[in-house]
Amino acid sequence: MSLRHTIVTTLFGLSTLAAASASAETIRIAIGTQDTTINCATGGLLIRELKLLEKYLPHDGKYKDAQYDIQWKNFTSGAPLTNEMVAGKLDLGSMADFPGSFNGAAFQKAGKKSLFITVLSGSTSGSGNGIVVPKDSPVQSLSELKGKTISVPFASTAHGMLLRAVKDQGWDPDKDVNIITQAPEVAGSALQSNKIEAHADFVPFAELFPHRGFARKIFDGSQANTPTFHGSLVDADYARKYPEIVVAYLRAAIEANRLIAAEPEKYSELIAKVTGIEAEVNYLFHGPLGLQTRDFSWKPEYRQAVKTSIDTLKAMKRTETDLDAATFIDDQYIRAAFRQAGLDYDAQLKNYAKSPLNAKDAVTGKAITEPRRVGQIWVQGEPLVRHYATLESALAEARKLEQAGGKIRTVYAHDRDSGLKLLAADAWYVQGKSETSAFLLKSSADAWAAKHGGKVLNFAAAKAGAL
């Protein structure tokens, strides 16, 4: 018995000592993040940088005198994060549906269990994952990649998307294409030096690489109609022991979501400062009408994404598991967090809308009512993005700004067919008699022009000829 133990026991008695020991417990909260996977921001980066978890941690009841040891560790992908969770070095972590399912299988193999407790951001149609080619490649569509080498981070959500897309082409992934594993940071250099013919990746790389000027996006995950998301998992034993802490973490995530929804430019800049990923790309995802939707509810499409991921892992022989998506997904904690925050979880389950744009046209001052016609400009030196009711107006204003010597950070447009938010510089356009339409794919622009008339243009030409 230590001297301190003897003294405390002598002064206050054994029962008092036991109570003091319990109340003075130091509780570890070790969280794995993926900072550069920017749609995880509300489950990691923003909570950490804004110290939101501290705001919601319990300090009453059994936690009255508890001390918290909050630990953060950043990863570039889900696999190494899973390794540390299984090893007991992390309690919570954020990753996509595909590596998240691998997480559940890895826990199961170790005789333990993890729980998928919330979605953070995703797309019920599959946007966020994508395929890019080198900037000067003649390839304009996935169909032209037969017999070519496509790299992808293995065991990622983009890997699942690529396999689905290849299957939809009627190809054998082992014979008709050469799929190799490659991390995003390696793929960027490979694209610049033309060492690979195409690269498939998850958020934000299919947009980041084109924004940086050395790649073009030729395929969006929505074309494979494969729902995708990033969310958060917890060690089930930890959740059973400290359910209030798990709910506090989710309350912090909900708060992070509220903040970025209110000031997307401000927090896109913060994400850029921490990750080095340009704010323009962060805003593409997190701004109004974004490429993905921040959504913490377990919609049927996201539940199906987990089931599909588990089945794909088995088919790839990446793991042998009888993991059941129905019990792996546990929504009790996010439902509790919604209740505490005064939010209606069941209403959110039914809400499929993108982050709304409540703005007035920068030229006319009139309220914008048609999202798919919107164009946006982020001008260098201006804290807020400018919004325009029509793409023609945005393109014309961009031309005027540049002619006057202004510098534009980026222009955003929306795909006429799908509504996808696009980096305008990498889109294709059809200029008709009265309006201009944007498209991700040249084939889509060609088809629209053939049916409705008009001229197919690249961004520079569309801007120069803006009505």
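**Strand pairing, helix packing and buried positions in the predicted model**

S127 is buried, with a relative accessible area of 1%. That value counts as buried because the cut-off is under 20% relative accessible area. S127 lies in the loop that links β4 to β5 (130–134). Leaving out residues up to four places away in sequence, S127 touches D220, G221 and S222. The contacts of S127 also include T228, L291, Q292 and L420.

The structure is a predicted model. The mean pLDDT of the protein chain is 93. A pLDDT of at least 70 is reached by 95% of the residues. Residues 1–22 have a pLDDT below 50. Beyond near neighbours in sequence, this stretch makes six contacts in the model.

An open sheet is built from six strands. Their order is β2-β1-β3-β10-β4-β11, and the pairing is mixed. β2 (67–74) and β11 (293–294) are the edge strands, each pairing on one side only. Helix α6 (residues 97–109) packs on the sheet. This helix touches β3, β4 (114–123) and β10 (228–235). The direction of α6 makes about 130° with that of β3.

Strands of a sheet pair through backbone hydrogen bonds, either parallel or antiparallel. Strand β3 shows both arrangements, one with each partner. β3 (residues 92–96) runs parallel to β1 (residues 26–33), and two bridges join them. Here I31 stands opposite L92, and G32 stands opposite G93. With β10, β3 runs antiparallel, and five bridges join the two strands. S94 has S232 of β10 as its bridge partner. β3 is mostly covered, with five of its five residues buried.

Nonpolar side chains tend to be buried together in soluble globular proteins. In this model, the largest nonpolar core has 134 residues. The residues with the most contacts inside this core are I29, I131, I245, W298, V306, I334 and Y429. Helix α11 (residues 243–262) gives the most to the core, with 12 residues. Neighbours within four places in sequence aside, I29 is in contact with residues including L53, L57, Y68 and I70. Other contacts of I29 include D91, L92, Y238 and I245. There is also a second, separate core of six residues. Among its members are W428, V430, A445 and W448.

Strand β12 is mostly covered as well, with five of its five residues buried. Both of its faces are covered. G375, I377 and V379 are buried on one side, and Q376 and W378 are buried on the other. β12 pairs with β13 in the antiparallel sense over three bridges. Within that pair, Q376 has H387 as its bridge partner. The hairpin of β12 and β13 has six residues between the strands, and G381 in this hairpin takes a positive phi near 90°. β12 also pairs with β14 in the antiparallel sense, over four bridges. There, V379 has I408 as its bridge partner.

Helix α18 comprises 13 residues (391–403). At 1.5 Å a residue, this helix should span 18 Å. Its end C-alpha atoms are 18 Å apart, so the expected span and the model agree. Just after α18, G405 takes a positive phi of about 90°.

Several residues of α18 are buried: L391, E392, S393, A394, L395, A396, E397, A398 and L401. An α-helix has 3.6 residues a turn, so residues three or four places apart point the same way. The cover over the buried residues of α18 includes the strands β12 (375–379), β13 (386–388) and β14 (408–414). It also includes β16 (428–431), β17 (436–439) and the helix α20 (459–464).

One of these buried positions is L395, in helix α18. L395 has a relative accessible area of 0%. It counts as buried because this value is under 20%. Setting aside neighbours within four places in sequence, L395 is in contact with T436, F459, A462, K463 and A466. L395 and A445 lie 50 residues apart along the chain, and their C-alpha atoms are separated by 17 Å.

Definitions and conventions:
Residues are numbered from 1 along each chain as its sequence is written. This is a predicted model: local features need pLDDT of at least 70, side-chain atom pairs count only at pLDDT 80 or more; totals for chains, interfaces and linings use all residues. Side-chain values use heavy atoms; hydrogens and water are left out. The expected span of a helix is 1.5 Å times one less than its number of residues. Buried means under 20% relative accessible area, exposed over 50%, partly exposed in between (1.4 Å probe, protein chains only). Contact means heavy atoms within 4.5 Å. pLDDT is the predictor's confidence in each residue, from 0 to 100. Two strands pair if DSSP finds at least two bridges between them. Axes are lines fitted to C-alpha atoms, for helices over the stretch in contact, and angles run from 0 to 180 degrees between N-to-C directions. A nonpolar core is a set of buried Ala, Val, Leu, Ile, Met, Phe, Trp, Tyr and Cys residues joined through side-chain atoms within 4.5 Å.
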